[in-house]
Amino acid sequence: MRHLAVLAALLAVAAAGPRERRQANGDYQVCRAGAGVCVPYYLCSDDTVITDGTGIIDIRTGSECANFLDVCCTNPTGPVTPTPIPPFVSTCGTRNYNGIDVRIQGFEGNETQVAEFPWMTAVLKKEVVSSEEINLYLCGGSLIHPSIVLTAAHCVHNHAAGDLRVRLGEWDTQNEYEPYKHQDRDIASVVIHPGFNPGNLHNDYALLYLQTPAELSRNVDVICLDNDLTILNPQHDCLVTGWGKDRFGKKGVFQNVLKKIELPYVLPGQCQDALRTTRLSKLFILDPSFLCAGGEAGKDSCSGDGGSPLVCLDRTKTQYVQVGIVAWGIGCGTSNIPGVYANVLYGYNWIVNEADKLLAGPVVDYWNYQ
């Protein structure tokens, strides 16, 4: 799932406009020869349309309805009265383990649930094809503040801010049936770490400042940042998310639904020794701006995942902290060869200081989350 050199990977993240949302009094698709109507999954329980907004069902295959998250439910005789939704309260690094409003059954791969990782971001390049603007997928990123996305410098250093856009709250790149729509934001400025080296990817950090702040919600929220080295522990639960390829090379296929892979943190000395067994040779020195994770056969970030976040649970085991940014590797998913990530804890001070400059002042609540 790693993006090494080619940035303009053509993942079909379509240039979608605002998604149409059906109102309670709108038209619904008819099913069961007219005896039923197709309604969103969260409005149906035990074949009865919910009128108070509560209830969650398991999604199963074989529905007559066109949309993946719709079910066929007996048409109610009275109007639907929605339950008021309480205001959203942002808490950084909060993983929605069961998704939001629904848990999808039967996934055979490493697919995530809807909005399971609300900080995950797609970094896009705007292009005009046949007089129509489209979005080309460049890499992943993470929302660290409503106005700032953290990504890899190697993904964006050759692109002007005006050519970039981020998509927040995305899950399935090929469909638009998610219960909460994504948010697109154009980029006002790009800040690259002054020590970034495009040849060896040292200091592979970049900040994208959004023209308009994100609206934090159940499917769009921020990831925690920290510089506590105890988070980097082989026993901690770490994982990486992305839409990148499932394997390296021409046979690799980009993912439609956001994927997740649990990876163990690898100590720097062990990582350097492992990388020295590759074509990097015994002379290779692992720069401190990198950290490593993985090394298990078939489990790795890969092409197209550059810029995506590597996160670990904090000491309380309740919130995730970003520790890495997908950078590079030798092959993909090779046994005993870890993947290499930009070390966010090493770059923490630069990230926070530059973010504060962009925001015209310190925003302590976002950086000191404990």
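# Bridges, rings and a helix

Trainee: Which cysteine forms a disulfide with Cys-92?

Mentor: A disulfide is a pair of cysteine sulfur atoms within 2.5 Å. The sulfur of Cys-92 lies 2.1 Å from its partner's, so that passes the cut-off. The partner is Cys-224.

Trainee: Hang on, what kind of model is this?

Mentor: Residues are numbered from 1 along each chain as its sequence is written, and side-chain values use heavy atoms, with hydrogens and water left out. Local features need pLDDT of at least 70, side-chain atom pairs count only at pLDDT 80 or more, and totals for chains, interfaces and linings use all residues, as this is a predicted model.

Trainee: Back to the first bridge: how many residues apart are Cys-92 and Cys-224?

Mentor: The link is right-handed, with 90° about the S-S bond. Cys-92 is in the loop between strand S6 (70–74) and strand S7 (103–104), while Cys-224 is in the loop between S13 and S14. Strands here are DSSP E runs of at least two residues, and helices are H or I runs of at least four, numbered from the N terminus. So the pair links distant parts of the chain, and the separation in residues is 132.

Trainee: Why does Cys-92 count as buried?

Mentor: Buried means under 20% relative accessible area, exposed means over 50%, and partly exposed is in between (1.4 Å probe, protein chains only). Cys-92 falls under the buried cut-off because its relative accessible area is 10%.

Trainee: Is the disulfide of Cys-238 and Cys-312 left-handed or right-handed?

Mentor: Their sulfur atoms are 2.0 Å apart, and both cysteines are buried. The torsion about the S-S bond is about 105°, so this disulfide is right-handed.

Trainee: And which way does the link of Cys-271 and Cys-292 go, left-handed or right-handed?

Mentor: Here the sulfur atoms are 1.9 Å apart. The torsion about the S-S bond is about -70°, so the disulfide is left-handed.

Trainee: Which elements does that bridge tie together?

Mentor: The two cysteines are 21 residues apart in sequence. Cys-271 is buried at 0% relative accessible area, and Cys-292 is buried at 1%. Follow the bridge and you go from helix H2 (residues 268–275) to strand S17 (residues 290–294).

Trainee: On to the rings: how is the aromatic pair of Phe-117 and Trp-119 arranged, stacked or edge-to-face?

Mentor: Rings of Phe, Tyr and Trp (its six-membered ring) pair if their centres lie within 6.5 Å; planes under 30 degrees apart count as stacked, over 60 as edge-to-face and the rest as tilted. The structure holds 6 such aromatic pairs. In this one the centres are 5.6 Å apart with 70° between the planes, so the pair is edge-to-face.

Trainee: Which residue joins Phe-117 and Trp-119 in one aromatic cluster?

Mentor: Phe-117 and Trp-119 are both buried. Their cluster also takes in Tyr-320.

Trainee: Last one: which helix covers buried residues of H3?

Mentor: H3 runs over residues 348–358, and its buried residues include Tyr-348, Trp-350 and Ile-351. Contact means heavy atoms within 4.5 Å. The cover includes S9, strand S10 (148–151), strand S12 (183–192) and strand S13 (206–210). It also includes helix H4 (364–367).
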